[in-house]
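Reader: I have a structure open and not much idea where to start. Can we go through it in small steps?

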Amino acid sequence: MDSLTQIVLGAAVGEAVLGKKVGIKAALWGAIAGTIPDLDVISRNFVDGLRANELHRGFSHSILFCILIAPLLGWIISKIYKNKEANFKDWTKLSFMSLVTHPLLDAHTTWGTQLFWPLDYKVAYNNIFVADPLYTIPFLVFLLFALFSPKGSSKRKKYNNLGLIISSSYMLLTICIKGVVHYQFSQNLHAQNINYIELETRPTPLNSILWSANAETNDAYYIGYYSLFDTSKNISFKRLEKNRALLGNLIHEDIVKRLIKLSGNRYLITKTGDDLFFNDLRFGMIGMGPDATQFVYSYKLSFDQNNKLIAEENPKSFDDAGKIFAQLFTRIKGI
């Protein structure tokens with residue numbers, strides 16, 4: 001999830017674990033611990049875009065990382081406060097709970113999280129977008145109510161618990177919604193005689209009302225959208241050819257194998273002039289109109305001066321951000 005959401009979650013968990021003992025310091029250190037796993041983004045300063053994407057939500061988002069870091073962070077905090085209100089064990093418990101809830105939350109998004117690192121497996125439930133105001137804003141409001149209430153008061157505990165309960169309930173609701181829309185997509189695909197191999201559904205940006213689907217067939221992907229507000233249950237799908245034959249012998253190149261692994265084998269190839277592009281389908285396209293052509297994650301394949309194959313991440317263009325969001329909110333309202 002986005003940084004603000006992880007800060008709010010970490011602070012609320014810290015308050016729940018140790019707020020009665022140490023007051024505002026619990027939320028502060030919970031927020032700090034809750035952001036630590038995302039420090040893996042620093043890798044972008046030292047490696048190329050592809051390697052940074054491979055490293056993101058890896059070791060730092062694993063249960064093992066939380067187990068290793070929690071005692072260290074707990075020891076540092078206990079030394080800062082010299083065990084005046086809470087001891088090493090208390091701070092370690094707060095650190096672990098605030099750390100581990102970060103990757104547990106991220107696992108609900110599309111990117112996938114290596115919770116069980118070093119096992120090479122990503123957990124991705126695809127039931128909430130990386131930023132969802134309906135999840136974060138109520139959570140933040142109740143957290144602020146709690147933090148402005150007297151330390152140890154019943155109101156403080158009540159507000160904090162309400163924030164945790166409401167956010168968790170909303171998360172469960174998105175899982176239920178995913179089940180409903182997945183069924184609608186599946187029914188439409190069968191009705192249109194589209195025999196798919198795999199069907200993946202995910203919410204569109206900033207909401208859990210409008211959902212998109214990638215249906216994979218032997219030689220193509222079918223992209224469709226469905227809103228809970230749609231009056232018609234008929235879903236139209238856009239066919240995108242896989243074009244994987246365009247890779248030719250490049251399919252054996254290590255960098256292409258890495259891209260395939262990163263995408264979870266959900267990719268298609270496009271060619272513009274002499275330029276070949278590897279498009280990761282997990283995150284869809286920028287925009288949803290008929291003129292949408294750019295994928296959120298796309299890599300240009302080319303050879304460097306040493307005739308070595310390289311993959312350069314395509315810069316994302318949001319020049320028409322206003323138009324894109326207008327399309328999004330119009331489509332959310334249903335057809």
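Reader: Let me start with one residue. Is serine 43 buried or exposed?

Author: Serine 43 counts as buried, because its relative accessibility is 14% and the cut-off for buried is under 20%. One caution before going on: this is a predicted model.

Reader: Where is serine 43 found?

Author: In the loop between H2 and H3.

Reader: And which residues does serine 43 touch?

Author: Leaving out residues up to four places away in sequence, serine 43 touches Ala52 and Leu55.

Reader: Ok, stepping back. How many helices and strands does the protein chain have?

Author: The chain has nine helices and eight strands. Its radius of gyration is 22 Å, close to the 20 Å that the globule rule gives for 335 residues, so the chain is as compact as a globular protein of that length.

Reader: What box do the C-alpha atoms fill?

Author: Roughly 65 × 55 × 35 Å, taken along the principal axes.

Reader: What percentage of the residues is buried?

Author: Buried residues make up 49% of the 335. As for the outside, the accessible surface comes to about 16,800 Å², and 62% of that belongs to carbon and sulfur atoms.

Reader: What about contacts between residues far along the chain? How many of them join residues at least 24 apart?

Author: Among contacts between residues at least 6 apart in sequence, 54% join residues at least 24 apart.

Reader: Back to the helices. What are the residues of helix H7, and how far apart are its end C-alpha atoms?

Author: Helix H7 covers residues 154-191, and its end C-alpha atoms are 55 Å apart. At 1.5 Å a residue, its 38 residues should span 56 Å, so the two values agree.

Reader: Serine 154 is in helix H7, then. Is serine 154 buried or exposed?

Author: Serine 154 is exposed, because its relative accessible area is 62% and exposed means over 50%. The C-alpha atoms of serine 154 and tyrosine 221 are 54 Å apart in space, with their positions 67 residues apart in sequence.

Reader: What comes just after H7?

Author: Asparagine 193 takes a positive phi of about 55° there.

Reader: Why point out the sign of phi?

Author: Because most residues other than glycine have a negative phi.

Reader: Which other asparagines have a positive phi?

Author: Asparagine 243 has a positive phi of about 55°, and asparagine 265 has one of about 65°. Asparagine 243 is found in the loop between strand E4 and helix H8, while asparagine 265 is in the loop between H8 and strand E5.

Reader: How exposed are asparagine 243 and asparagine 265?

Author: Asparagine 243 is partly exposed, with a relative accessible area of 34%. Asparagine 265 is partly exposed at 36%.

Reader: New topic: which residues does the cis peptide bond join?

Author: Tryptophan 117 and proline 118, with omega about 15°. Proline 118 lies in the loop between H5 and H6. For background, most peptide bonds are trans.

Reader: Histidine 108 is in the loop between H5 and H6 too. Is histidine 108 buried or exposed?

Author: Histidine 108 counts as buried, at 15% relative accessibility. Not counting residues up to four places away in sequence, histidine 108 touches Tyr125, Asn126, Asn127, Ile128, Met171 and Ile175.

Reader: Now helix H2. How many residues does H2 have, and what should they span?

Author: Helix H2 has twelve residues, 24-35, which should span 16 Å at 1.5 Å a residue. The end C-alpha atoms are 17 Å apart, which agrees.

Reader: Which residues in H2 are buried?

Author: Lys25, Ala26, Ala27, Trp29, Gly30, Ala31, Ala33 and Gly34.

Reader: And what do the buried residues of H2 pack against?

Author: Four helices are listed: H1 (3-22), H4 (63-81), H5 (88-106) and H6 (133-147).

Reader: H3 is missing from my notes. Where does arginine 51 fit in?

Author: Arginine 51 is found in helix H3, residues 49-55, and is partly exposed, with a relative accessible area of 34%. Arginine 51 and lysine 84 are 33 residues apart along the chain, and their C-alpha atoms are separated by 44 Å.

Reader: Last one. How far apart are the mean positions of the positive and negative charges?

Author: They are 11 Å apart, for 36 positive and 28 negative charges.

Technical notes. Residues are numbered from 1 along each chain as its sequence is written. This is a predicted model: local features need pLDDT of at least 70, side-chain atom pairs count only at pLDDT 80 or more; totals for chains, interfaces and linings use all residues. Side-chain values use heavy atoms; hydrogens and water are left out. Helices (H or I, at least four residues) and strands (E, at least two) are DSSP runs, numbered from the N terminus. The radius of gyration is taken over C-alpha atoms; the globule rule is 2.2 Å times the number of residues to the power 0.38. Buried means under 20% relative accessible area, exposed over 50%, partly exposed in between (1.4 Å probe, protein chains only). Contact means heavy atoms within 4.5 Å. Accessible areas come from the Shrake-Rupley method with a 1.4 Å probe; for residues, only the protein chains shown count as cover. Lys and Arg count as positive and Asp and Glu as negative; His and the chain ends are not counted. The place of a charge is taken as NZ of Lys, CZ of Arg, CG of Asp or CD of Glu. The expected span of a helix is 1.5 Å times one less than its number of residues.
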